[in-house]
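Colleague: I'm new to reading protein models. Could you walk me through one, feature by feature?

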Amino acid sequence: MKFEISDEMLRKIEEWDSCIPIDVTGAKYAYTFIPTGIGLVVNVRCDVCNRVLGLSDDF
Ligand SMILES: [Zn+2]
């Protein structure tokens, strides 16, 4: 099982959140990878607005 963000996931994340990063590096997302019985779940938290988006790897 690979722990990485696919282009499809990145697109969903960008649709979901359009905050301007406050970090000078441009980083604003914290990723949490959770292997479950039905596949990998990825929680993405925006450091700017503190919302959490749940994604699974089976689009
Ligand atoms: Zn945000």
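Modeller: Sure! Let's start with a rule for burial: count the other C-beta atoms within 10 Å of a residue's own, and call the residue buried at 20 or more and exposed at 12 or fewer. Keep in mind that this is a predicted model.

Colleague: Okay, let me try the rule. Is Thr36 buried or exposed?

Modeller: Thr36 has 8 other C-beta atoms within 10 Å, so it counts as exposed. You'll find Thr36 in strand S1, which covers residues 29-36. Its C-alpha atom is 9.9 Å from that of Ser56, 20 residues apart along the chain.

Colleague: And what share of the protein's residues is buried?

Modeller: Just look at the number: 2% of the 59 residues. The C-alpha trace spans about 35 × 20 × 15 Å along its principal axes.

Colleague: What pattern do the helix and strands follow along the sequence?

Modeller: Reading along, you get α-β-β-β, that is, one helix and three strands.

Colleague: How do I read a strand, then?

Modeller: In a regular strand, side chains alternate between the two faces of the sheet. Here, have a look at S2 (residues 39-46) and S3 (residues 52-56), which pair in the antiparallel sense over five bridges.

Colleague: Which residue in S3 stands opposite Val42?

Modeller: That's Leu55.

Colleague: What about the stretch between the strands of that hairpin: how many residues does it have?

Modeller: Five residues lie between S2 and S3, and in this hairpin Asn50 takes a positive phi near 65°.

Conventions
Residues numbered from 1 in each chain as written. Predicted model: local features only at pLDDT ≥ 70, side-chain atom pairs only at ≥ 80, totals over all residues. Pairing = 2+ DSSP bridges. Helix = DSSP H or I, 4+ residues; strand = E, 2+ residues; numbered from the N terminus.
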